[in-house]
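Here is a short set of exercises to work through with the model open beside you. Try each task on your own before reading its solution.

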Amino acid sequence: MIKSNFYSPTARQTAPKLEFDKEKFLDNRSTLPYMLGQLHAVHTHKQNLIPSYGAINYKGDDWANKDNLALFGLFYLATGAMAMPFFEKNKQGGVVSPIGDFVELKPTFWPPESKEEEN
């Protein structure tokens with residue numbers, strides 16, 4: 001099993017901790033950075049991802065269609081796969097994930113313009 005909790009202890013937030021089947025999880029792990037790469041925050045090179053930014057894709061559309069379960073599902077999977085950092089409390093008291101220095105997060109598009117972009 002792989003355990004995931006997208007809040008760090010510094011966030012002082014509680015959320016359920018989830019467990020994933022390790023074999024199935026690792027088989028699909030490479031998809032997560034690609035999905036995260038479609039987020040508006042990644043395309044605009046923001047340093048921090050706040051939870052609500054996760055619903056906006058590079059086109060400015062709400063990809064989750066106000067479905068918070070899909071949005072938090074993506075965050076749980078991404079933090080469990082170490083495809084993005086945990087959410088933590090920032091200096092202003094908000095909760096952010098410091099994605100700016102995270103090497104794996106590169107802008108991606110769907111549908112990909114070429115086969116190379118898909119990888």
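**Exercise 1. Decide whether Met-82 is buried or exposed, then place it in the chain.**

Solution. Start with the accessible area: Met-82 has a relative value of 60%. The cut-off for exposed is over 50%, so Met-82 is exposed. Keep in mind that this is a predicted model.

Next, find Met-82 in the loop between α4 (68-80) and β3 (88-89). Its backbone there, just after α4, takes a positive phi of about 55°.

Then look for partners. Setting aside neighbours within four places in sequence, Met-82 is in contact with Arg-29, Phe-102 and Glu-104. As a last step, pick the C-alpha atoms of Met-82 and Ser-4: they are separated by 9.4 Å, while the two residues are 78 residues apart along the chain.

**Exercise 2. Describe the helix α4: what is its span, which of its residues are buried, and what covers them?**

Solution. Take the span to begin with. α4 has 13 residues and reaches 18 Å from its first C-alpha to its last, close to the 18 Å expected at 1.5 Å a residue.

Now go to the start of the helix. A side-chain oxygen of Asp-67 comes within 3.1 Å of the backbone nitrogen of Leu-69.

For burial, go along α4 and mark Leu-71, Leu-74, Phe-75, Tyr-76, Ala-78, Thr-79 and Gly-80, which are buried. The cover over these buried residues includes two strands, β1 (2-4) and β2 (18-20), together with the helices α1 (22-27) and α2 (31-36).

**Exercise 3. Find the largest nonpolar core and work out which elements supply it.**

Solution. Begin with a general point: in soluble globular proteins, nonpolar side chains tend to be buried together.

In this model the largest nonpolar core has 25 residues, and those with the most contacts inside it are Leu-36, Leu-49, Phe-75, Met-84 and Phe-87. The elements that give two or more residues to this core are α2, α3 (40-43) and α4. Of these, α4 provides the largest share, five residues.

To see the packing around one member, select Leu-36. Not counting neighbours within four places in sequence, Leu-36 is in contact with Val-42, Leu-74, Ala-78, Ala-83, Met-84 and Leu-105.

**Exercise 4. Compare two polar residues in loops, Ser-8 and Asn-57: which polar atoms do their side chains meet?**

Solution. Locate Ser-8 in the loop between β1 and β2. Its relative accessible area is 12%; buried means under 20%, so Ser-8 is buried. The side chain of Ser-8 is joined to that of Thr-10 by a polar contact of 2.7 Å. Beyond four places in sequence, Ser-8 touches Phe-86, Phe-87 and Glu-88.

Move on to Asn-57, in the loop between α3 and α4. At 14% relative accessibility, Asn-57 counts as buried. A polar atom of the Asn-57 side chain lies 3.0 Å from the backbone nitrogen of Lys-59. Leaving out residues up to four places away, Asn-57 touches Gln-38, Leu-39, His-40 and Trp-63.

**Exercise 5. Look for salt bridges: how many are counted?**

Solution. As a general reminder, side chains of opposite charge can pair when their charged atoms come close.

The count comes to one salt bridge. The side chains of Asp-62 and Lys-66 meet in it, at 3.9 Å from N to O; the cut-off is 4 Å. Check the surroundings of each partner: Asp-62 is partly exposed at 29%, whereas Lys-66 is exposed at 72%.

**Exercise 6. Step back to the whole chain: what is its secondary structure, and what is its radius of gyration?**

Solution. Count the elements: there are five helices and four strands. Read from the N terminus, their order is β-β-α-α-α-α-β-β-α. The radius of gyration is 14 Å, close to the 14 Å the globule rule gives for 119 residues, so the chain is as compact as a globular protein of that length.

To finish, add two chain-wide figures. Buried residues make up 38% of the 119 residues. Among contacts with a separation of 6 or more, 56% are between residues 24 or more positions apart.

How values were computed:
Residues numbered from 1 in each chain as written. Predicted model: local features only at pLDDT ≥ 70, side-chain atom pairs only at ≥ 80, totals over all residues. Heavy atoms only, no water. Buried < 20%, exposed > 50% of the residue type's maximum accessible area, 1.4 Å probe, protein only. Contact = heavy atoms within 4.5 Å. Expected span 1.5 Å × (residues − 1). Polar contact = N/O pair within 3.5 Å; in protein donor to acceptor, adjacent residues only side chain to side chain. Core = buried A, V, L, I, M, F, W, Y, C linked by side-chain atoms within 4.5 Å. Rg over C-alpha atoms; globule rule 2.2 N^0.38 Å.
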